[in-house]
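This briefing covers the sheets, the helix packing and the chain contact of the structure shown below.

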Amino acid sequence: MTALSVENVWKYYGDFPALRGISFEARQGACVALLGRNGAGKTTLLRILAGLSRPTRGSVRVFGRDCLDAEVRRQTGLIGHGIGIYDELSAYENLRLFAALYGVKDPRRAAMEWLERTGLERVRDGLVREFSRGMRQRLAVARAFLHRPSLLLLDEPFTALDDRAIALLQGLLKESLAGGATVVMSTHQLREALELATHVALIVKGRLAHAGERTAEMLEDPGWLYRTYGEA
Amino acid sequence: MLFLRQAWTVAQKDLRSEFRTKEALNASLSFALVILLLFSFAFDPTAEMTREISGGLLWLVFAFAGALLLNRSFARELENDCLDVLVVSPVPAAALFLGKALANYILLLGIEAVCLPVFGVFYNADWTRQPAWLAIVILLATWGITIIGTMFSALTVNLRLRELMLPMLVYPMLIPCLMAAMQLTTALMAGQAPSGDQLAWVRMLVGFDIIFTALSVALVETVLIG
C-alpha cells in the first residue's frame with residue numbers, strides 16, 4: 001500500500017525554485033533516507049510533506065488523502081530542527097499537552113508511559129528549561145512518538161543528539177518500522193540513516209537525482225551515491 | 001465539542017506558560033500603571049476634565065497594554081520551533097487561534113481589572129456608577145482588541161520588527177472598536193446608561209467582534225501555512 005505519494009512538487013521562494021518537479025512514492029513500512037547537500041531542498045520538501053508549507057505546484061497525498069487533512073495529521077509525527085517542546089512547562093505537562101492535542105485516549109497515562117520509556121520519569125515535574133541538552137532531546141523524541149504515528153517525518157534527527165538519544169531514536173524507529181510505520185528522514189549522517197533506510201532519495205539543487213532501494217553497496221560506501229548521482 | 005476542547009487545551013497551555021514566566025503580564029501591567037501614573041502628573045484632573053477624558057484615557061491605556069501582551073502570543077511559539085509542532089498537530093488552525101485568543105482575553109481582562117480601580121484612585125473617578133454596562137463594554141471591546149491583536153500577532157510572527165509592526169497594523173484596525181468603547185465609557189463614567197444614539201455604539205462593538213472573529217477564523221490557516 002502506498003503511504004506517501006509526491007507528484008511533480010515545485011516550490012518557489014520568490015523567483016527561486018527550491019524544489020523542481022519532485023515525484024516519488026513510499027509504500028507503508030518503508031524508510032526513505034532523503035539525502036542531499038545543504039540547500040538542496042530536503043527541509044523544504046519535508047515541510048511540505050508535514051503540511052507546514054504548500055507546494056507552488058504539484059500535490060502530496062498521505063494515505064490517499066491531502067496532507068493537510070486532520071486524520072493525516074493525527075497519524076504524522078515530526079522531528080524538525082527545533083525540539084518542539086515548551087521550556088516553561090514540565091516534562092509531564094509537555095507530553096500530556098501533546099497527547100491531548102493528538103487525541104490520545106488517556107493523555108496522563110501516555111505521558112507517564114513515555115516519560116518512563118525515555119528515562120525521564122524522575123524529573124517529570126522539572127521545568128524543561130532546567131533540563132540538560134540530552135534530556136531535552138529525549139523528551140522531543142517522546143513528543144514525536146507518543147501518539148504512535150504511522151508516518152514519521154524527521155529532519156536531521158541524529159544531528160546534535162547524544163549517544164543515549166541516538167540509541168533511543170534508533171530503537172523507536174526500528175520498532176515503528178516493524179509496526180508498519182513509514183519514515184522519511186533527511187540527514188547528513190549517512191551511516192546511521194542508511195542502516196535504517198529501505199529506500200534513498202537524493203536531491204540535488206531541488207531536483208530528484210536518484211530514488212530507489214537502498215543497496216548493500218550504499219551501506220558499504222555511503223559516499224558512493226553522491227559520487228554516482230550527485231554534483232561533481 | 002472536540003474543537004472547543006482543543007481550543008481550551010491551547011488556552012490552558014498559554015495561560016500556564018504566562019503565569020509561570022509572567023513575561024508579558026508583568027511588562028504589560030507595569031506599562032499600563034506607569035501611563036496612568038504619568039498622565040495623572042501631566043495635568044490636574046478636575047471632576048469635569050476626568051468626565052471628558054476618562055473613556056479615551058482608559059482605552060488608550062488598555063490598547064497599549066494589549067499590544068505588549070499580544071506581541072508575545074505567537075512569538076512565544078518560535079522558541080524551539082513549537083509553532084511548527086502545533087501547526088502539524090491535528091488541531092485545526094481555527095481552534096489553535098481561538099485558544100490563543102481566549103488566553104489573551106483572560107490576561108487582558110485581568111490587567112484591565114487591576115487598572116480600573118487604580119484609574120479611579122488617580123483620577124478621582126467613580127467607575128461604579130453603571131457597573132453592568134461598563135462590564136459589557138469592557139468585555140466586548142477587549143474581545144475586539146484581542147481578536148485583532150492575536151490575528152496580527154500570527155501574521156507578524158516571522159517578521160524581525162514584529163514589536164514595531166504589530167501596533168502599526170493593529171491600531172488603525174482598532175479605530176472603530178476604540179471609538180465605540182471610548183464614547184460609551186465616557187458616558188458610563190458620567191453615570192449615563194446607553195440609550196438612543198449611544199446604543200448604536202454598542203451595536204457597533206457587537207458587529208465589530210462578530211465580523212473580525214469570523215474573518216480571523218476563516219483566514220488563520222492561510223496565515224499560518226501560507
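The model is predicted. Chain A holds an open sheet of six strands in the order β6-β7-β8-β3-β9-β10, and the pairing in this sheet is mixed. A second open sheet of chain A has four strands, ordered β2-β1-β4-β5, with antiparallel pairing. In chain B, helices α6 and α8 cross at roughly 20°. Chains A and B touch through 25 residues of chain A and 21 residues of chain B.

**Six-stranded sheet of chain A**

- In the six-stranded order β6-β7-β8-β3-β9-β10 of chain A, the edges are taken by β6 and β10 (207-213), each of which has a single partner strand, so one side of each lacks a neighbour in the sheet.
- From one strand to the next, the twist averages 15°.
- Strands β3 (residues 31-35) and β9 (residues 199-204) of chain A run parallel and are joined by four bridges.
- Within β9(A), A:Leu202 is the bridge partner of A:Leu35.
- Helix α1 (residues 42-49) of chain A lies across β3, β7 (151-155), β8 (182-186) and β9 of chain A.
- The direction of α1(A) is at about 150° to that of β8(A), an angle that counts as roughly antiparallel because it is over 145 degrees.

**Four-stranded sheet of chain A**

- The four-stranded sheet of chain A, in the order β2-β1-β4-β5, is antiparallel in its pairing.
- Its edge strands are β2 (16-27) and β5 (65-66) of chain A, and each of these pairs on one side only.
- Helix α1(A) packs on this sheet as well as lying across strands of the six-stranded one.
- On the four-stranded sheet, α1(A) touches β1, β2 and β4 of chain A, and its direction makes about 60° with that of β2(A).
- Five bridges pair strand β1 (residues 2-13) of chain A with strand β4 (residues 57-62) of chain A in the antiparallel sense.
- A:Val6 has A:Val60 of β4(A) opposite.
- β1(A) and β2(A), which run antiparallel, are joined by eight bridges, with A:Phe16 in β2(A) as the bridge partner of A:Tyr13.
- These two strands, β1(A) and β2(A), form a hairpin with two residues between them, and A:Gly14 in the turn has a positive phi of about 65°.

**Helices of chain B**

- The axes of α6 (residues 131-155) and α8 (residues 197-225) of chain B come within 9 Å.
- With a crossing angle of roughly 20°, α6(B) and α8(B) are therefore roughly parallel to each other.
- The crossing of α6(B) past α8(B) is left-handed.
- On α6(B), the residues making the contact include B:Trp143, B:Ile147, B:Ile148 and B:Met151, and on α8(B) they include B:Phe208, B:Asp209, B:Phe212 and B:Val220.
- By class, the residues of the contact between α6(B) and α8(B) are 15 nonpolar, three polar and one charged.
- Helix α5 (residues 93-123) of chain B has 31 residues and spans 43 Å from its first C-alpha to its last, close to the expected 45 Å.
- B:Asn124, just after α5(B), takes a positive phi of about 50°.

**Contact between the chains**

- The contact involves 25 residues of chain A and 21 residues of chain B.
- On the chain A side, the elements that give two or more residues are α2 (70-74), β6 (76-79) and α3 (91-101).
- This side of chain A divides into twelve nonpolar, eight polar and five charged residues.
- Strand β6(A) thus appears both at an edge of the six-stranded sheet and among the elements that touch chain B.

Conventions
Residues numbered from 1 in each chain as written. Chains lettered and ligands numbered in written order. Predicted model: local features only at pLDDT ≥ 70, side-chain atom pairs only at ≥ 80, totals over all residues. Contact = placed C-beta atoms within 7 Å. Nonpolar A, V, L, I, M, F, W, Y, C, P; charged D, E, K, R; others polar. Pairing = 2+ DSSP bridges. Axes fitted to C-alpha atoms, helices over the stretch in contact; angles between N-to-C directions. Parallel < 35°, antiparallel > 145°, perpendicular 65-115°, else oblique. Left-handed = near helix turned anticlockwise from the far one by under 90°. Expected span 1.5 Å × (residues − 1).
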